[in-house]
Amino acid sequence: MTKTQHGIIACVIGATSWGFNGVVSQFLLSHYTVEPSWLASIRMCLAGLFLTLMIWPTKKAEIRLMLHDPISLRQLILFALFGLILSQFSYLSAIKNSNAGTATVLQTLSVVFMSLYLAVRFHKRPTAREIISVFLAFGGVYLAATDGTPSAMVISPLGLTWGLIGAVACVTYPVLSQGLAANWGAAVANGLGMMIGGLFLSVSCQVWTLWPVLDLTGWLAVAFIIIIGTALSFTAFVTGISEIGPMKATLLGTLEPVIASVVSAIALGTTFHTVELIGYACIIATVFIIILQKKPAIS
């Protein structure tokens with residue numbers, strides 16, 4: 001197997017895992033009395049611990065140095081609070097107030113937001129493709145949210161709001177983690193960041209008062225979210241990025257909303273209207289329009 005083939009398979013595994021993770025999260029949040037804050041806390045704490053223990057034998061020196069560097073520690077805390085917590089909590093809240101397919105499709109808007117952010121940061125005028133993608137993205141959100149009828153909201157206002165916040169969080173996540181990943185490694189930054197974010201969210205939300213009553217099926221769903229939907233998916237996708245590059249990885253990442261929507265419809269009976277599906281297609285198309293530019297957004 002070539003390096004490119006291995007990278008493609010790794011990205012497909014990561015995107016597929018995220019897609020199934022969204023459906024399992026939807027099942028857990030809709031069939032049990034589970035709060036998104038509790039699930040996000042448990043997910044981050046245990047997945048962060050799992051990742052850190054996994055890399056500890058080879059990365060313990062980097063971990064110790066990072067925790068003793070004031071600048072890196074400050075960046076790590078900001079990353080945990082405004083990158084990890086915001087993205088995890090908003091995504092689960094969007095699922096709870098809509099469904100896994102809708103939440104993952106809205107999250108795809110992060111590609112448009114990232115393109116606009118880079119254009120502003122580097123004082124570069126948006127390209128024609130980027131302008132088209134913005135109109136296409138918001139048109140897609142309009143169709144998905146209203147089913148083409150302005151007076152009717154197919155998506156609940158809370159579901160739409162959390163979905164858009166999640167898309168913004170998917171921009172703050174890589175922006176805040178970029179320096180940490182470059183200096184200490186992505187696995188180190190994410191492992192420690194997840195533990196810090198999980199502990200902060202646990203204390204601030206007093207998750208011990210939100211502890212749900214779960215049967216064996218419920219706990220198996222939680223285990224799937226932590227191990228497959230977080231630790232495995234992250235490791236696989238980051239491995240794929242390092243082998244095939246961010247452009248191809250982002251394109252393969254669009255498998256996530258497709259898989260989440262299809263599996264949600266088959267396994268959970270989630271229904272999607274025709275106009276709503278057209279809106280989703282418009283949103284996903286923005287990824288291809290931006291990523292497949294002949295020239296990168298920032299040169």
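**View 1. Tyr117 on helix α5 and its partners across the chain.** Tyr117 is partly exposed in this predicted model, with a relative accessible area of 30%. The residue sits in helix α5. Setting aside neighbours within four places in sequence, Tyr117 is in contact with Val171 and Val175. Val171 and Tyr117 are 54 residues apart along the chain, yet their C-alpha atoms are separated by 8.4 Å. Val171 is itself one of the buried residues of α7, the helix shown in the next view.

**View 2. Helix α7, its length and its bend.** Helix α7 takes in residues 157-184, 28 residues in total. How far apart are the end C-alpha atoms of helix α7? They lie 40 Å apart, which agrees with the 40 Å that the helix should span at 1.5 Å a residue. Follow the helix along and you will meet a bend of about 40° at Gln178. Just after α7 comes Gly185, with a positive phi of about 105°.

**View 3. The buried residues of α7 and what covers them.** Which residues of α7 are buried? They are Gly159, Leu160, Gly163, Gly166, Ala167, Ala169, Val171, Ser177, Leu180 and Trp184. The cover over these residues includes α2 (36-67), α3 (70-97) and α4 (100-107), and also α5 (110-121), α6 (128-146) and α8 (186-205). As a reminder when looking along such a helix, an α-helix has 3.6 residues a turn, so residues three or four places apart point the same way.

**View 4. Ser72 in helix α3.** Ser72 belongs to helix α3. Is Ser72 buried or exposed? Its relative accessible area is 4%, so Ser72 counts as buried. The side chains of Ser72 and Asp69 are joined by a polar contact of 2.5 Å. Beyond its neighbours within four places in sequence, Ser72 is in contact with Met66, Leu180 and Trp184. Leu180 and Trp184 also appear among the buried residues of α7, so this view pairs well with the previous one.

**View 5. Helix α4, covered along its length.** In α4, eight of its eight residues are buried. These are Ala100, Gly101, Thr102, Ala103, Thr104, Val105, Leu106 and Gln107. Look to the start of α4 for a link between side chain and backbone: a side-chain oxygen of Asn99 comes to within 2.8 Å of the backbone nitrogen of Thr102.

**View 6. Cysteines without a disulfide.** A disulfide is a covalent bond between the sulfur atoms of two cysteines. How many disulfides does the model hold? The count is zero. Cys45 is in no disulfide, and the nearest cysteine sulfur, that of Cys205, is 11 Å away. Cys45 is buried, with a relative accessible area of 16%. Cys282 counts as buried too, at 18% relative accessibility.

**View 7. Gln206 in the loop after α8.** Gln206 is found in the loop between α8 and α9 (216-244). Most residues other than glycine have a negative phi. Gln206 is not a glycine, but has a positive phi of about 50°. With a relative accessible area of 42%, Gln206 is partly exposed.

**View 8. The annotated EamA stretches.** In the unreviewed UniProt entry, the annotation "domain: EamA" covers residues 7-144 and 158-291. Over residues 7-144 the chain is 88% helix and 0% strand. The end C-alpha atoms of residues 7-144 are 33 Å apart.

How values were computed:
Residues are numbered from 1 along each chain as its sequence is written. This is a predicted model: local features need pLDDT of at least 70, side-chain atom pairs count only at pLDDT 80 or more; totals for chains, interfaces and linings use all residues. Side-chain values use heavy atoms; hydrogens and water are left out. UniProt positions are given in the numbering used here, feature names are shortened, and annotations may be inferred rather than shown by experiment. Helices (H or I, at least four residues) and strands (E, at least two) are DSSP runs, numbered from the N terminus. The expected span of a helix is 1.5 Å times one less than its number of residues. The bend at a residue is the angle between axes fitted to the seven residues ending there and the seven starting there. Buried means under 20% relative accessible area, exposed over 50%, partly exposed in between (1.4 Å probe, protein chains only). Contact means heavy atoms within 4.5 Å. A polar contact is a pair of N or O atoms within 3.5 Å; within protein, one must be able to donate a hydrogen and the other to accept it, and residues adjacent in sequence count only if both atoms are side-chain atoms. A disulfide is a pair of cysteine sulfur atoms within 2.5 Å.
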